[in-house]
Structures are given as structure tokens and as C-alpha cells.
Amino acid sequence: MSTTELLNPAVAERDLPSRALQLLQSVFGYPAFRGAQADIVQLTARGGDALVLMPTGGGKSLCYQLPAIARQRAGHGVALVISPLIALMQDQVGALHEVGVEAAFLNSTLSGDAAHEVEQRLRRAEFTLLYAAPERVNTPRFLALLESLHARGLLSLFAIDEAHCVSQWGHDFRPEYRALTVLHERFPQVPRLALTATADELTRADIIERLQLQDARLFVSSFDRPNLRYTIVEKKDPFQQLLRFIQNEHAGADGSDSGIVYCQSRKRVEDVASRLSEAGVPALPYHAGLDSDTRQRHQDRFLREEGLIMVATIAFGMGIDKPDVRFVAHLDMPKNIEGYYQETGRAGRDGLPAQAWMSYGLQDVVNQRRMIDESQIGRAHV
């Protein structure tokens with residue numbers, strides 16, 4: 001197919017599904033789809049709804065980026081991606097720009113003038129994808145923009161990333177996600193794609209109910225990550241155990257590996273980051289108690305530099321796309337298996353060998369039981 005044909009809306013409309021592989025290769029440079037990607041892309045490109053459960057590193061982003069590109073070239077306009085994290089928006093928009101795809105984000109990092117410019121370009125349907133947080137999507141001003149696009153047939157699809165945030169049973173529950181039902185109520189003909197890396201049966205049912213996805217096709221990919229090796233050690237002196245693990249297994253002649261260390265409290269994060277640095281292991285803290293500039297600076301360094309360790313609470317990680325994280329360590333037992341899976345899944349996204357390491361003690365169980373007992377949601381869930 002010639003370039004002229006590829007960009008011709010009539011041809012593109014007729015041949016949306018079959019063009020998916022061509023776009024995968026020509027735009028993103030990948031030779032073939034992985035797992036269920038091809039079926040998801042083709043369904044969404046045709047205008048179908050889907051709920052996608054795919055492991056971290058499994059290629060969820062392509063499942064909406066490719067249909068967005070195909071549908072835009074077929075004359076369907078702009079795809080809206082609802083994302084909960086500023087970092088994810090910035091990373092993905094930057095990556096799309098590198099491959100020549102028009103994309104933008106609307107979030108609190110933009111000045112008033114910059115946000116106004118993005119809104120004006122959105123009104124003219126100059127983007128293939130626009131990323132926005134659920135809080136912004138639910139505003140009357142933004143919904144009016146969507147109404148304007150829809151009236152002209154220029155609203156291509158809705159991709160709801162990290163869809164487990166809609167569920168009170170999800171480990172990253174955000175009430176703002178509940179209001180996203182407005183998208184289906186106002187724009188019932190616009191296809192929707194909800195995606196998450198982790199959702200048990202209860203959370204999955206909640207997602208379907210809250211987002212009105214009863215007629216959507218469900219895709220559940222294998223969550224086996226054969227390149228990840230899991231190790232659990234009995235907690236005795238957790239910091240020294242962690243330090244030995246890093247020094248013995250992740251400090252090679254060419255420098256240390258990048259890794260993430262999760263701790264339960266902000267105080268512990270600061271302490272562990274400081275002690276690792278004193279021991280000659282480059283480490284930075286990350287938690288919600290730090291100001292936003294510091295968090296952004298530390299995150300940028302982690303994404304950019306090799307051999308750096310991020311010591312963090314679970315405030316860090318969702319949407320972080322650093323393929324060469326060689327280990328994820330937990331100094332405290334995670335709150336639930338879903339969170340643990342998603343956190344450890346941030347290691348080895350490049351497909352190369354990586355490790356998930358955890359120190360575990362009986363006191364962790366006692367602490368988690370206490371937190372569950374003190375939580376209204378926890379008591380209802382049990």
C-alpha cells in the first residue's frame with residue numbers, strides 16, 4: 001500500500017484492521033504483535049469496546065495508540081486517554097512525538113496560556129491522542145470540548161488507563177474515576193477501551209459495572225513473567241539483608257543495576273535511602289511527603305540515569321516506563337497480592353532477567369491485619 005493510500009481516509013476506513021500490523025512496523029518499529037495485542041487493536045479499530053487485563057510490560061499502551069492512529073487516519077479524529085499520573089502522560093506524549101505522532105496532555109504542569117493553546121488545538125482536532133486526568137475530563141469546560149468534537153464526528157475513542165482505579169476494591173482507588181460513566185452516557189457510540197495490569201475477579205466486576213462495560217469484550221492475558229525470579233527471605237536485619245542482596249547480585253563491574261525498593265512508611269523511605277547512599281549505593285527517596293518539584297526531579301533522574309535506586313512508598317511507580325529496572329525489593333509486606341504483582345512487574349520490562357526480592361516477618365502480618373481492621377473498606381472486603 002502506498003503512502004497516499006495509507007493517508008486516504010476512505011481507503012483507511014475500509015482497511016482499518018488489516019493496516020494494524022503495517023502501522024505497528026512503520027510507526028513503532030516492532031516486527032509483530034505480542035499475545036492478544038492484535039485482536040484488541042483490531043476490535044478497537046473497528047469501534048468495539050474492550051476491557052483489557054494485561055501484565056505490566058505486556059504492551060497495553062499499543063492497544064490504544066495503534067487504533068487511535070488508524071482511526072485518526074480514517075477521519076475519526078482525536079482519541080482521549082484518561083490517565084491518573086502526570087509522569088505517564090509526559091512519558092507517553094514524548095515517546096509519541098519521537099515516532100511522529102501528534103499528541104499532547106492537559107494537566108496541572110501547564111501554564112494557563114499553554115493549557116489554552118492545547119484546548120484550541122484540541123478543538124481543531126489537531127491531535128491523534130490527548131492525555132488528561134479524570135479530574136479534568138469531568139469538568140464542564142472539558143466535556144464541552146468533547147461535545148464540540150463529537151458533533152463534528154471527530155471523537156475517535158476513549159482509552160481508560162489504570163482502570164482498576166474505578167473500583168473501591170482496587171489498590172489505587174480514585175473516586176474521580178467513578179464519574180467517567182459520563183463518557184458512555186453522553187457519547188454512547190464512541191468506542192471505549194479500559195485497561196489495567198491487575199484486577200481480581202471482584203475488582204473486574206466492579207470495573208465493568210462502574211464503567212458500564214457489560215457489552216465489552218474481555219481480554220485476560222497470561223500474567224506469567226518468566227524473566228522474573230521471586231525471592232523471599234526471613235526478616236532478621238532487613239536493611240543489611242537488602243544491602244547484601246544489592247551488593248552481591250546487582251553491583252557488577254560496569255556499575256550497579258537500577259532498582260526500586262518499596263517501604264511502608266515515609267520515615268523508613270528516608271532512612272533506607274540515606275543509609276544506602278552512605279554505603280556507596282546511589283539512592284533517592286520518593287514519597288507523598290516530598291514537594292512536587294523534588295518528586296519530579298527524583299523521578300526524572302531515575303528514568304534518565306543508570307544504576308540509580310529509588311526508595312519509595314507505593315506513591316511511586318504507576319505508569320513508570322523504565323525498561324531496564326533489574327530488581328524490585330520490598331522491605332515490608334505489601335498490602336495485597338494485586339499491589340505486589342503490579343509493583344514487582346516494574347522489573348524486567350525489557351524481557352531480560354530481573355528479580356523480585358522481599359524480606360518477610362510475622363510482624364508484617366500483624367501490622368497488615370491491624371490496618372485492615374481499621375479500614376472500613378477492609379472490613380467490607382473481608
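## Report on a predicted model with two open sheets

Helix α15 (residues 337-344) lies across strands β8, β11 (258-262), β14 and β15, and its direction makes about 150 degrees with that of β14. Helices (H or I, at least four residues) and strands (E, at least two) are DSSP runs, numbered from the N terminus. Axes are lines fitted to C-alpha atoms, for helices over the stretch in contact, and angles run from 0 to 180 degrees between N-to-C directions. Contact means heavy atoms within 4.5 Å.

The structure is a predicted model, in which local features need pLDDT of at least 70 and side-chain atom pairs count only at pLDDT 80 or more, whereas totals for chains, interfaces and linings use all residues. Residues are numbered from 1 along each chain as its sequence is written, and side-chain values use heavy atoms, with hydrogens and water left out.

### The chain as a whole

The chain holds 17 helices and 15 strands. Of its 382 residues, 52% are buried. Buried means under 20% relative accessible area, exposed means over 50%, and partly exposed lies in between (1.4 Å probe, protein chains only). Among the contacts with a separation of 6 or more, 75% join residues 24 or more positions apart.

### The sheet of six strands

The strands that α15 touches belong to an open sheet of six, with the order β8-β15-β14-β11-β13-β12 and parallel pairing. Two strands pair if DSSP finds at least two bridges between them. Strands β8 (228-234) and β12 (283-286) are at the edges; each has a single partner strand, so one side of each is left without a neighbour in the sheet. From one strand to the next, the twist averages 15 degrees. Within this sheet, β14 (residues 325-330) and β15 (residues 354-360) run parallel and are joined by four bridges. Residue A329 stands opposite W357 in β15. Helix α13 (residues 266-278) also packs on the sheet, where it touches β12 and β13 (309-312) and runs at about 170 degrees to β12.

### The sheet of seven strands

Another open sheet has seven strands in the order β3-β4-β2-β5-β6-β1-β7, again with parallel pairing. Its edge strands, β3 (103-106) and β7, each pair on one side only. Neighbouring strands of this sheet are turned by 20 degrees against each other on average, direction ignored. Strands β1 (residues 50-53) and β6 (residues 192-196) pair in the parallel sense over four bridges, and L51 has A194 as its bridge partner in β6.

Two helices that lie across strands of this sheet are listed below.

| Helix | Strands it lies across | Angle |
|---|---|---|
| α6 (residues 86-98) | β3 and β4 | about 160 degrees to β3 |
| α11 | β1, β6 and β7 | about 155 degrees to β1 |

### Helix α9 and the cores

Helix α9 (residues 140-151) has 12 residues and spans 16 Å from its first C-alpha to its last, close to the 16 Å expected at 1.5 Å a residue. The expected span is 1.5 Å times one less than the number of residues. Its buried residues are F142, L143, L145, L146 and L149. They lie on the same side of α9 because they cover an arc of only 150 degrees around the axis; the arc is that of the directions from the helix axis to the C-beta atoms. The exposed residues P140, R141 and A151 are on the face turned away from the buried side. Just after α9, G153 has a positive phi of about 70 degrees.

A nonpolar core is a set of buried Ala, Val, Leu, Ile, Met, Phe, Trp, Tyr and Cys residues joined through side-chain atoms within 4.5 Å. The largest such core has 37 residues, of which L80, L130, F142, L146 and L183 touch the most other members. Helix α9 gives the largest share of this core, five residues. Leaving aside neighbours within four places in sequence, L183 is in contact with I82, V137, L146, F158 and P188. Apart from this core lies another, of 35 residues, among them L24, V93, V101 and A133.

### Two residues with positive phi

Most residues other than glycine have a negative phi. Residue A125, although not a glycine, has a positive phi of about 55 degrees. It is found in the loop between α7 (112-123) and β4 (129-132) and is buried, with a relative accessible area of 18%. Residue Q212, also not a glycine, has a positive phi of about 55 degrees. Q212 lies in the loop between α11 (201-210) and β7 (217-220), and at 27% relative accessibility it counts as partly exposed.
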